[in-house]
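Biologist: Could you take me through a few helices of this model? I would like to look at burial and packing.
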Amino acid sequence: MSQYSSFMRKHGNLRKAWQTVKNNGRRSSSPYVRDDIDAFASVEQANIKSLSAKLQHASFKFSPAKGVALEKPNKPGSIRPIVIPRAADRVVQRCILDALLTNSAIRAKAFQPLSFGGVPKQERHERAGVPAAIEALLRLISEGGTHVIVGDIASFFTRIKKSDAVDNLAALIPDDDKFLKLFREAIAVDIGNHEAIWRHKASFPYGDLGVGQGICLSPFLGNLVLADFDAAMNMGDCACIRYVDDILIIGPSGRAVSAQYRKAVRLLSVKGMEFANDKTDRVPRPIDQTFSYLGIEFSKGRMRPDARSRTSIVDRVKEVAGRSLNEIRCAKAADSFNLDYSVPKTMSKISGMSRGWANHYKFCNDVETIRNVDRLIARIFTHYSQAAMLIADGHFQRNDVDLGSALLGYVGSKGVAFTPLPMFRADIGAAIGLHGSTPLDHDG
């Protein structure tokens with residue numbers, strides 16, 4: 001048995017994969033995902049044991065996934081094609097990724113030095129993800145980078161060829177047909193709800209072309225397929241930072257950066273990919289001019305969340321507050337009110353959103369801009385709480401204590417399944433000869 005197949009069937013490795021899937025799933029905004037995670041968790045030990053046995057006997061089968069056409073904010077008609085596998089499938093896919101990352105040659109191939117998306121934090125590095133990418137950019141600027149071109153690969157996940165990824169992997173783990181077969185099955189995309197997404201079916205992966213956005217293996221596949229692109233783009237006097245499909249080319253002159261951009265266009269075209277016209281610079285920018293990369297605006301020595309990010313967090317907070325107020329205004333009875341929209345839960349959610357957003361940008365040096373956004377969110381928070389409390393107070397004044405307290409998050413006896421014991425009936429007692437005396441009537 002190969003090291004990868006052996007890795008896959010071990011309960012400890014499957015449990016570790018499940019913990020990752022569970023933690024991510026329970027933070028999901030999708031009720032479908034959370035419910036699926038809860039169902040798996042209700043019998044998780046039995047499920048882990050079952051997965052191990054099926055993997056050992058090569059009898060595990062992936063289920064059809066759910067396709068979701070998620071509309072992009074401020075882009076009517078434009079969608080992000082999300083693929084949501086079932087919980088058991090996600091555990092196996094995660095375990096496959098964990099197994100692959102035990103191989104140092106695979107890690108070196110997939111995780112090029114200036115590729116940061118889908119790359120786990122390295123032991124020797126303090127940062128990962130976006131902060132690591134920005135740190136690399138600042139270093140390249142300090143080393144003499146004067147001009148940049150920022151670009152985006154169009155429809156990235158739907159342009160990745162699965163066969164290219166498998167070929168790359170097969171070269172690194174030869175003579176392991178059983179594991180490679182499981183890998184092929186794990187990255188195949190079988191949508192089970194075609195009728196719900198038929199208007200957008202062309203945006204979803206089909207056949208060899210495209211991988212599922214929302215599957216944990218997909219960023220790894222993208223890194224594997226573009227590993228030679230990353231290596232070639234970082235030869236010479238220019239450098240190329242890549243975060244999944246977001247690319248920044250930096251060099252010592254505008255002429256050098258333009259030449260490197262033309263090279264990138266050629267390399268991507270070989271893989272059936274291209275830059276998105278509406279998201280890619282046509283000419284290099286001097287770094288002393290304002291530009292944005294990965295949601296960070298660089299301007300006159302200052303780094304801050306860009307305008308799009310600032311607007312997005314405020315709009316999302318307004319949406320959360322508005323949805324709660326609408327539910328509160330329409331509430332008719334405590335039993336039918338969804339406590340997810342109660343005042344304390346909504347206030348906690350808004351606070352968490354603001355804190356999470358600020359934490360994402362904590363490496364920026366324009367702290368005052370972040371605080372100004374936080375103050376704006378605080379005003380939304382305050383206005384929401386005042387309006388919600390007025391509505392709840394109106395119910396209290398009308399003596400509808402149950403509904404008023406529910407709006408404020410009070411649970412009390414809601415959801416308690418009362419099972420009263422039957423009362424003792426005197427007529428039945430008389431019929432069986434109990435004439436008024438009970439054991440409690442006697443001293444002895």
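Biologist: Which residues are buried in α7?
Modeller: In α7, a DSSP run (H or I, at least four residues for helices; E, at least two for strands; numbered from the N terminus), the buried residues are Gly-129, Val-130, Ala-132, Ala-133, Ile-134, Ala-136, Leu-137 and Leu-140. Buried means under 20% relative accessible area, exposed over 50%, and partly exposed in between (1.4 Å probe, protein chains only).
Biologist: Is this model predicted, and how are residues numbered?
Modeller: The model is predicted: local features need pLDDT of at least 70 and side-chain atom pairs pLDDT 80 or more, while totals for chains, interfaces and linings use all residues. Residues are numbered from 1 along each chain as its sequence is written, and side-chain values use heavy atoms, without hydrogens and water.
Biologist: What covers the buried residues of α7?
Modeller: The cover includes strands β4 (239–243) and β5 (246–251) as well as helix α15 (343–360).
Biologist: And what follows α7?
Modeller: Gly-144 follows, with a positive phi near 120 degrees.
Biologist: Next, at what angle do α8 and α9 pack?
Modeller: Helix α8 (residues 162–172) and helix α9 (residues 177–187) pack at about 155 degrees, their axes 11 Å apart. Axes are lines fitted to C-alpha atoms, for helices over the stretch in contact, and angles run from 0 to 180 degrees between N-to-C directions. The pair is therefore roughly antiparallel (over 145 degrees; under 35 is roughly parallel, 65 to 115 roughly perpendicular, the rest oblique).
Biologist: Which residues of α8 make the contact?
Modeller: Lys-162, Val-166, Leu-169 and Ala-170 of α8 meet Leu-180, Phe-183, Arg-184 and Ile-187 of α9, contact being heavy atoms within 4.5 Å.
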